[in-house]
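Subject: Structure handover

Hi,

Here is the structure for you to load. My notes on it follow below.

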Amino acid sequence: MTKTVLTIDDSRTMREMLSMALVQAGYRVLQAIDGVEGLEILQSQGADVVITDINMPRLDGFGVIEGVRANPDHRATPILVLTTESDVAKKERARQAGATGWIVKPFNPVKLVDAVRRVAA
């Protein structure tokens, strides 16, 4: 059964790079341009893994993590944060909110797919 990954990032280039790496690895990819759209897609279509940026308009990555964790249907869905941020306080805030892992941009496609495989297992 094909696993579905929801990517949430306001950068079209980043969404395309994520999609390419994940589709090549055999994943079905859903894409959202911000946290609001991401939570809507998760609610309507579901996902096995969520990858979210932190800095986005309308609803940032922290809001996404909190929104996913607040929904009983998705409380256990793994959430990977993919961001240019490397600030320890922000990492800790994401972890406290319920993030599963943290990947710094620019990402290595092989390592990204490995991380997705680990959390989706």
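Gly98 sits in the loop that runs from helix H4 (88-97) to strand S5 (101-104). Keep in mind that this is a predicted model. Beyond its neighbours within four places in sequence, Gly98 is in contact with Ile65, Arg69 and Ile79. Asn55 is another matter: 43 residues separate Gly98 and Asn55 along the chain, and their C-alpha atoms are 17 Å apart.

Ile65 leads from there into the core. Leaving aside neighbours within four places in sequence, Ile65 is in contact with Ile79, Val81, Ala94, Ala97, Gly98 and Ala99.

Nonpolar cores

The largest nonpolar core has 20 residues. Ile65 is among the residues with the most contacts inside this core, and so are Leu6, Ile8, Leu42, Val50, Val81 and Ala94. Which elements give two or more residues to it? They are strand S1 (4-8), strand S2 (28-32), helix H2 (35-45), helix H3 (61-70), strand S4 (79-83) and H4. H3 gives the most, with four residues. There is also a second, separate core. That one has 18 residues, including Leu18, Val49, Ile103 and Ala115.

Lys105 and Asp9

Lys105 is in the loop between S5 and helix H5 (109-120). Is Lys105 buried or exposed? Its relative accessible area is 14%, which is under the 20% limit, so Lys105 counts as buried. Asp9 is buried too.

The two form a salt bridge, with the closest N and O atoms 2.9 Å apart. This pair links distant parts of the chain. Asp9 lies in the loop between S1 and helix H1 (12-24), and 96 residues separate it from Lys105. The side chains of Lys105 and Asp9 also register as a polar contact, at 2.9 Å.

Leaving aside neighbours within four places in sequence, Lys105 is in contact with Asp9, Met14, Asp53, Leu82, Thr83 and Thr84.

Other salt bridges

How many salt bridges does a search of the whole structure find? It finds five. Besides the Asp9 and Lys105 pair, two are worth listing here:

- Lys90 with Glu85: the closest N and O atoms are 3.2 Å apart. Lys90 counts as partly exposed because its relative accessibility is 27%, between the 20% and 50% limits. Glu85 counts as buried because its value is 17%, under 20%.
- Arg95 with Glu92: the closest N and O atoms are 3.0 Å apart. Both residues lie in helix H4, three residues apart, about one turn of the helix. Glu92 has a relative accessible area of 33%, so it counts as partly exposed.

Salt bridges that share partners join Asp9, Asp53 and Lys105 into one network.

Rings

A search of the whole structure finds zero aromatic pairs. There is a charge over a ring, though. Arg93 lies over the face of Phe62, at 3.8 Å from the ring centre.

In short

For a quick look, start with three places. Load Gly98 with its contacts Ile65, Arg69 and Ile79. Then turn to the network of Asp9, Asp53 and Lys105. Finish with Arg93 over the face of Phe62.

Best wishes

Note on methods:
Residues numbered from 1 in each chain as written. Predicted model: local features only at pLDDT ≥ 70, side-chain atom pairs only at ≥ 80, totals over all residues. Heavy atoms only, no water. Contact = heavy atoms within 4.5 Å. Buried < 20%, exposed > 50% of the residue type's maximum accessible area, 1.4 Å probe, protein only. Polar contact = N/O pair within 3.5 Å; in protein donor to acceptor, adjacent residues only side chain to side chain. Core = buried A, V, L, I, M, F, W, Y, C linked by side-chain atoms within 4.5 Å. Phe/Tyr/Trp six-rings, centres within 6.5 Å; stacked < 30°, edge-to-face > 60°. Lys NZ or Arg CZ within 6 Å of the ring centre and 35° of its normal. Salt bridge = Lys/Arg side-chain N within 4 Å of Asp/Glu carboxyl O.
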